[in-house]
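Let's take a walk through this protein together, starting with one helix and what surrounds it. Keep the viewer open and follow along as we go.

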Amino acid sequence: MYVSNTDRIVSHQNISLLKLQDLDLSSLNYKIGDLKLGTYDNLITARHDTPLIEILRLFISKGISSVPIVDKNDVVLNVYEKYDVLLLAREGPYYNLDIPVSDALARRPLVNMKIAASLIFFPQICIGFPRDTFLLGG
Amino acid sequence: MMQMKEILEKNTCYDILPLSYKVIVFDQSLLVKKALAALLQNAVQSAPVWDTANHQFVGMLTVTDFIQLILYYFDRSTPIDQALEEIDELTITALRGLMQLPCEK
């Protein structure tokens, strides 16, 4: 499945409100696209060779929580999240923040990161479409 | 859409809390490196910070704080050994004090 234009991101924080226990959610058949849930305009993206330090500065200056990593055709390769900074901090030395973000992504545990144009689906990212509803997204 | 509106209006935060849950809170005298380990171990992004002396919450320790800590040493081009030494002793209180200093480049 191809995502040909990355113009939207929905983070879990937008939908965590809906984890209502013991309540009937079967009628929650709203499409993410209809609700415009997520970021649609002025989306900030990065390339695989964007230095990590630049992305850290973006998190602060733009007040965003994640950045999609795209290739030159705007195909989503991965997403670098604020939470990943904690993994970075755990490594110990905070030096060499000039490394490309793809290096930092490679350090994510349990996942074999092979960033290739042909490999679109990554286990830790689910690519959704505006026609998806909350129930489909789980 | 009206159903969604109703659900959101009728329910409180208390309603969506699980019956039993682990709560992570940091004392502000805790070392930042230990706080980091606790956040990673419990797979949470942030936690409230408690001031024992004054019996009150004084803020949240979030990933932004760690980003700012990283940028702090990066912008000053601090040698890595010195940075690690300083971070080793850093408490949450000290971290918050650090962030209020103007950046000297």
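In this predicted model, the buried residues of helix 3 of chain B pack against a mixed set of partners. One of them comes from the other chain: helix 4 (83-90) of chain A. The rest belong to chain B itself, namely strand 1 (26-27), strand 2 (47-51), strand 3 (56-61), helix 4 and helix 6 (92-99). Which residues of helix 3 (residues 32-41) are the buried ones? They are B:Val32, B:Ala35, B:Leu36, B:Ala38, B:Leu39 and B:Leu40. If you follow the backbone just past the end of helix 3, you come to B:Ala43, which takes a positive phi of about 55°.

Now step back to the loop between strand 1 and helix 3 of chain B, where you will find B:Gln28. Is B:Gln28 buried or exposed? Its relative accessibility is 15%, so B:Gln28 counts as buried. Setting aside residues up to four places away in sequence, B:Gln28 touches B:Val49, B:Trp50, B:Asp51 and B:Val58, and also B:Thr91, B:Ile92, B:Thr93 and B:Arg96.

B:Arg96 turns up again when we look at helix 4 of chain B (residues 63-75), the home of B:Asp65. B:Asp65 is buried yet has no salt bridge. The nearest side chain of opposite charge is that of B:Arg96, and it is 6.8 Å away; a salt bridge would need the charged atoms within 4 Å. Beyond its neighbours up to four places away in sequence, B:Asp65 touches B:Met60 and B:Leu95.

Helix 4 of chain B also holds B:Ile67, and here the view turns towards the other chain. B:Ile67 counts as buried because its relative accessibility is 0%. With neighbours within four places in sequence left aside, B:Ile67 is in contact with A:Leu56, A:Phe59, A:Ile60, A:Lys82 and A:Val85.

Further along, helix 5 of chain B (residues 80-89) contains B:Ala83. This residue counts as buried because its relative accessibility is 6%. Leaving out neighbours within four places in sequence, B:Ala83 is in contact with B:Tyr73 and B:Thr78. B:Tyr72 lies 11 residues from B:Ala83 in sequence, and their C-alpha atoms are 9.8 Å apart.

With those spots in mind, let's zoom out to the whole chain. Chain B has six helices and three strands, in the order α-α-β-α-β-β-α-α-α along the sequence. Its C-alpha atoms fill a box of roughly 55 × 30 × 25 Å along the principal axes. The radius of gyration of chain B is 18 Å, whereas a compact globule of 105 residues would have one near 13 Å. Of those 105 residues, 30% count as buried. Chain B exposes about 6,800 Å², and carbon and sulfur atoms supply 57% of that area. Among its contacts between residues at least 6 apart in sequence, 52% join residues at least 24 apart.

Finally, a word on confidence. The model scores ipTM 0.78 and pTM 0.72. Chain B averages a pLDDT of 87, and 94% of its residues score at least 70. Among the elements of chain B, strand 1 has the highest mean pLDDT, at 96, and helix 1 (residues 2-10) the lowest, at 78. Where pLDDT is low, the predicted coordinates should not be read in detail.

Conventions:
Residues are numbered from 1 along each chain as its sequence is written. Chains are lettered from A and ligands numbered from 1 in the order in which they are written. This is a predicted model: local features need pLDDT of at least 70, side-chain atom pairs count only at pLDDT 80 or more; totals for chains, interfaces and linings use all residues. Side-chain values use heavy atoms; hydrogens and water are left out. Helices (H or I, at least four residues) and strands (E, at least two) are DSSP runs, numbered from the N terminus. Buried means under 20% relative accessible area, exposed over 50%, partly exposed in between (1.4 Å probe, protein chains only). Lys and Arg count as positive and Asp and Glu as negative; His and the chain ends are not counted. Contact means heavy atoms within 4.5 Å. pLDDT is the predictor's confidence in each residue, from 0 to 100. The radius of gyration is taken over C-alpha atoms; the globule rule is 2.2 Å times the number of residues to the power 0.38. Accessible areas come from the Shrake-Rupley method with a 1.4 Å probe; for residues, only the protein chains shown count as cover.
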